[in-house]
Amino acid sequence: MIEKISPKDITVLSSTMLIPLWAKAVEYERPDAILHDKEAARMLDMIDYDFTPFAKAKASQVGCCGRARLLDEMAQRFIDEHPDAVVVQLGAGLDARYERMGRPNVTAWYDLDLPEVIDVRRMLLPESSNHYLGVSMFDESWTDTVAAHGKPVLLVIEGVLMYFEEAQVQAFFQMVQRKLPGTQIVLDALFKKMVGRAQQHDALRQMGETPPEFRWGVGSADDVLKLAPGSRLVEEIGLSSICAPRYPFILRLLLKTRWGRENLDMRIMRIQL
């Protein structure tokens with residue numbers, strides 16, 4: 001029997017890691033699943049934690065899965081265009097994107113997060129033919145590792161940037177432009193209405209603790225592009241395009257309005273720096 005790990009003993013198992021994992025594991029059991037993540041279901045069984053309070057988070061459960069699927073699809077399109085790509089998932093947490101996408105046969109795939117997060121990741125999801133980097137995304141050292149391949153680069157950033165101030169996001173983009181020119185990024189961008197309102201998030205408020213605050217959001221893709229002069233939008237789609245049929249009734253109604261689409265719909269986009 002595999003010994004389970006607990007957030008009580010491993011404090012790095014934070015809400016921002018557990019909620020997406022729970023959402024994907026729950027989705028895996030659905031006959032109408034929009035995301036199939038076998039590894040998420042396996043990892044959830046290895047964690048000693050009461051996930052039942054999250055059952056009320058209907059919008060976030062499907063939202064996490066829709067976001068992951070749309071980012072997977074954008075990443076796959078980049079890989080189709082550049083089969084020799086180097087892919088880096090930043091703030092990887094416990095996301096099994098490499099496995100979920102069928103272990104793409106690219107030049108290299110890196111999953112990057114803080115050292116203590118990578119330690120937990122290795123407990124639950126050891127490397128296979130991908131590589132783990134235990135370093136901050138703001139540390140330039142990882143860009144040297146990636147640049148050494150001399151191949152097209154894709155960065156995948158999911159559920160990360162909204163926790164940083166705009167100035168930090170801008171500094172990150174400009175670091176990538178300087179160190180890895182021509183890189184493409186697939187990312188999710190929170191809508192501005194949620195900035196400063198993490199306590200209203202349907203899943204985070206179930207944690208019984210003060211959640212990390214949302215610090216950056218956008219009104220449109222232009223709010224992303226302005227942070228990296230010379231960048232361009234490759235593609236963009238709203239999260240509701242895939243999740244709306246399963247959102248709570250009131251949210252579905254709001255998203256039928258222009259105001260709702262502009263103010264309540266997370267944006268998923270691919271940009272070139």
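**View A. Strand 4 and its bridge partners.** Val88 has Leu155 of strand 4 as its bridge partner, and strand 1 (residues 86-90) pairs with strand 4 in the parallel sense over five bridges, where pairing requires that DSSP finds at least two bridges between two strands. The model is predicted, so that local features need pLDDT of at least 70 and side-chain atom pairs count only at pLDDT 80 or more, whereas totals for chains, interfaces and linings use all residues. Residues are numbered from 1 along each chain as its sequence is written, and side-chain values use heavy atoms, with hydrogens and water left out. Strand 4 also pairs with strand 5 (residues 184-189) in the parallel sense over four bridges, and Leu187 of strand 5 is the bridge partner of Ile157.

**View B. The two faces of strand 4.** Val153, Leu155 and Ile157 point one way from strand 4, Leu154 and Val156 point the other way, and all are buried, that is, under 20% relative accessible area with a 1.4 Å probe and protein chains only. In a regular strand the side chains alternate between the two faces of the sheet.

**View C. Helix 3 and the largest nonpolar core.** Helix 3 (residues 58-81) has 24 residues that should span 34 Å at 1.5 Å a residue, and its end C-alpha atoms are 35 Å apart, which agrees; the expected span is 1.5 Å times one less than the number of residues. Of these 24 residues, 17 are buried. The largest nonpolar core (buried Ala, Val, Leu, Ile, Met, Phe, Trp, Tyr and Cys residues joined through side-chain atoms within 4.5 Å) has 56 residues, and helix 3 gives the largest share, eleven residues.

Note on methods: Buried means under 20% relative accessible area, exposed over 50%, partly exposed in between (1.4 Å probe, protein chains only).
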